[in-house]
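User: Please give me a close look at one part of this model, starting from a single residue and working outwards to its surroundings. I would like each term explained where it is used.

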Amino acid sequence: MSTENKELVVHFYNELFANGNLDVIDKYVGEEYIQHNPWAPNGTEALRGFVTGFRKRYPDLQYEVARVIAEDDLVLLHSHAVGEPGTKGQVVVDIFRVRDGKIVEHWDVIQDVPDSTASGNDLHSTLSAPASQSPDASSAASKEVVSALLDALLTDRDVSAWDRYAADPYYAHNPKNLNGVAAAKEAFTSAFAAFPDLRMDIKRIIADGEYVAVHHTFQMNADDRGAAVVDIFRVQNGKIVEHWDVFQPVPEKSANDNTMF
């Protein structure tokens with residue numbers, strides 16, 4: 001099912017945004033379409049209007065899907081979109097729920113691409129080798145490694161978990177983070193010290209071979225409206241070797257009542 005859902009979502013996405021083919025909405029989107037993008041209402045007609053307006057605003061839109069991750073009924077696209085030529089564009093994660101061959105729910109997280117990053121890495125490319133993942137990689141094993149790291153960090157504030165669950169060379173695509181396991185430990189040590197009430201509420205985890213995506217809320221403290229975040233980890237030989245994330249503050253108002261999660 002995951003393979004079929006991948007093909008459906010990639011085709012739908014390409015037709016909609018690259019070709020402006022609105023007919024795919026009728027063909028592939030369910031009658032009850034739940035929208036979590038805070039700028040768009042629910043339903044297929046709202047989606048049609050959103051895409052029409054978006055393509056009118058950005059007629060020279062270019063995008064590259066860097067990776068597709070799917071598990072069960074969820075499909076995640078990690079993309080680099082450039083709306084205006086000559087700009088850095090945005091890094092985008094879209095998550096779709098597919099039921100009986102129809103897309104019935106959508107979440108996304110969008111972040112502007114900065115002029116530079118601390119590591120020198122961009123926000124979407126693959127630097128760990130080989131570029132293609134092993135066909136024998138276990139989704140369950142990869143998910144177990146990432147879940148163990150997050151549990152140790154968030155429950156026990158145990159930054160030494162990075163030594164157990166990650167390995168150098170470790171590539172970081174967060175704009176503020178340096179490469180290397182030591183740098184990851186230092187980043188979390190500093191974050192926990194500055195924000196002792198920092199918390200993440202994990203909403204969904206999608207594992208596909210070497211890749212594990214974690215969609216969660218992120219709050220510095222209990223009064224913080226927070227942000228929607230997707231972390232993507234690559235696991236090789238039982239260790240995390242690469243990490244990407246996309247971070248979007250939750251707006252005060254939304255065009256729908258579904259929240260970003």
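Analyst: Contact here means heavy atoms within 4.5 Å. The model is a predicted one, in which local features need pLDDT of at least 70 and side-chain atom pairs count only at pLDDT 80 or more, while totals for chains, interfaces and linings use all residues. Residues are numbered from 1 along each chain as its sequence is written, and side-chain values use heavy atoms, with hydrogens and water left out.

A good place to begin is V104, which lies in strand β5, residues 102-112; strands (E, at least two residues) and helices (H or I, at least four) are DSSP runs numbered from the N terminus. V104 has a relative accessible area of 10% and therefore counts as buried, a word that stands for under 20%, with exposed over 50% and partly exposed in between (1.4 Å probe, protein chains only). Setting aside residues up to four places away in sequence, V104 touches G30, E32, Y33, I34, R97 and R99. One of these, I34, is 70 residues from V104 along the chain, yet their C-alpha atoms are separated by 6.2 Å.

The strand that carries V104 belongs to an open sheet of five strands with mixed pairing, in the order β1-β5-β4-β3-β2, where two strands pair if DSSP finds at least two bridges between them. Its edge strands, each pairing on one side only, are β1 (29-35) and β2 (62-71), and the twist from one strand to the next averages 25°. Within the sheet, eight bridges join β3 (residues 74-82) to β4 (residues 90-99) in the antiparallel sense, and A81 has Q90 of β4 as its bridge partner. Helix α1 (residues 2-18) packs on this sheet, touching β1, β2, β3, β4 and β5, and its direction makes about 160° with that of β2; such angles run from 0 to 180 degrees between N-to-C directions, with axes fitted as lines to C-alpha atoms, for helices over the stretch in contact.

Strand β8 (residues 211-219) offers another view of burial, since nine of its nine residues are buried and it is therefore largely enclosed by the rest of the structure. Y211, A213, H215, T217 and Q219 point one way from β8, whereas V212, V214, H216 and F218 point the other way. On its antiparallel partners, β8 is joined by nine bridges to β7 (residues 199-208) and by eight to β9 (residues 227-236), with V214 opposite I205 and V212 opposite F233.
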